[in-house]
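Good morning, everyone. Let's look at one structure together, starting with some helices and then moving to the ligand.

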Amino acid sequence: MNLPSSPLNRTEWNAELYDLKHGFVSQYGTDLLELLQPKTGDRILDLGCGTGYLAQQIANAGAEVIGVDQSVAMITQARQSYPHLTFQVKDGEKLDFYEQFDKVFSNAALHWMKAAENVIEGIFKSLKPGGLFVAEFGGKGNVQQIIQACYHSIESAGYPVDITLNPWYFPSISEYTTLLEQRGFEVDLAQLFDRPTPLEDGENGLKNWIFMFGNRLFMKIPQEAQERILADIETQLSPQLYQEGTWFADYKRIRIRAQKLG
Ligand code: BEZ
């Protein structure tokens, strides 16, 4: 059943809401730029650039940057915010650049691209020989408590859990670095670490996060049941993830730096 009037039945990103309420996504990416070391003369691809905040930071360091994202809404917002930069709507699983970039950067985007081998192939081809790939995204165990609570509450409300609706790819270090090495990258940094992340908007934080990012899990659930299920998810998770008026998402990041051999 498709119920477009509910925020849980949305199919396109709300770029304004993303910037307003989920700005932490870009903020946390700022220290990833230290691994990237953008500098004058670098040509850098920002893969999954969202609304463009980090592309702007890269440009501020003197590099030439192209930001790509599959979401038309995100790219529209990025072009409005940073009209002097280049942004393109592009599917990260079907990149078509050829040896154009010194570096490929990606923050909080690769977990949305389930065809990881295609993505890695596209990144490899986009880079010049010797080029650098720096990325951070959700790793193995990311938002596990939130996902499990969603499944549990959906099931308790009498609806089937369809794991194919889970839109995310959260690999382990060994899984991801193996894919990179198989394609011809040399990995010199791979980390997996917890990053409990405070969500904006007080008691509504978890609900907003689910509206924004997890709506696919609820695609087949009638709207009248959704409120009840969300309330049940909050009840389940509050002992672990709600502290003094703030919800925390149980984020776990994988961070990678790799060089294209050759
Ligand atoms: C993340 O940044 O880890 C993330 C964001 C939205 C949904 C799932 C994961």
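**Helices, then ligand**

This is a predicted model. Start with H9 and helix H10, residues 223–241: their axes come within 10 Å and cross at roughly 125 degrees. That angle falls outside the ranges for parallel, antiparallel and perpendicular, so H9 is oblique to H10. The crossing of H9 past H10 is right-handed.

Now stay on H10 and bring in a second partner. Helix H7 covers residues 144–156. The axes of H7 and H10 come within 9 Å, and the crossing angle is roughly 140 degrees. Antiparallel would need an angle over 145. H7 is therefore oblique to H10. What is the hand of the crossing of H7 and H10? It is right-handed.

On to the ligand. Which residues are around the ligand? Four of them come early in our list: His111, Trp112, Asn142 and Trp168 are among the residues there. Then add Phe170, Trp209, Phe213, Tyr251 and Arg253. By class, this shell has six nonpolar residues, two polar and one charged.

Look at two side chains here. Asn142 places a polar side-chain atom 2.7 Å from a ligand oxygen atom. Arg253 has a polar side-chain atom 2.5 Å from an oxygen atom of the ligand. How much of the ligand does the protein bury? Alone, the ligand exposes 260 Å², and the protein buries 98% of that.

Last point: which elements give two or more residues to this shell? They are helix H9, residues 205–213, and strand S8, residues 246–260. So we end back at H9, the helix that crosses H10 at roughly 125 degrees.

Terms used: Residues numbered from 1 in each chain as written. Predicted model: local features only at pLDDT ≥ 70, side-chain atom pairs only at ≥ 80, totals over all residues. Heavy atoms only, no water. Near = heavy atom within 4 Å. Polar contact = N/O pair within 3.5 Å; in protein donor to acceptor, adjacent residues only side chain to side chain. Areas by Shrake-Rupley, 256 points an atom, 1.4 Å probe, with all protein chains shown as cover. Helix = DSSP H or I, 4+ residues; strand = E, 2+ residues; numbered from the N terminus. Nonpolar A, V, L, I, M, F, W, Y, C, P; charged D, E, K, R; others polar. Axes fitted to C-alpha atoms, helices over the stretch in contact; angles between N-to-C directions. Parallel < 35°, antiparallel > 145°, perpendicular 65-115°, else oblique. Left-handed = near helix turned anticlockwise from the far one by under 90°.
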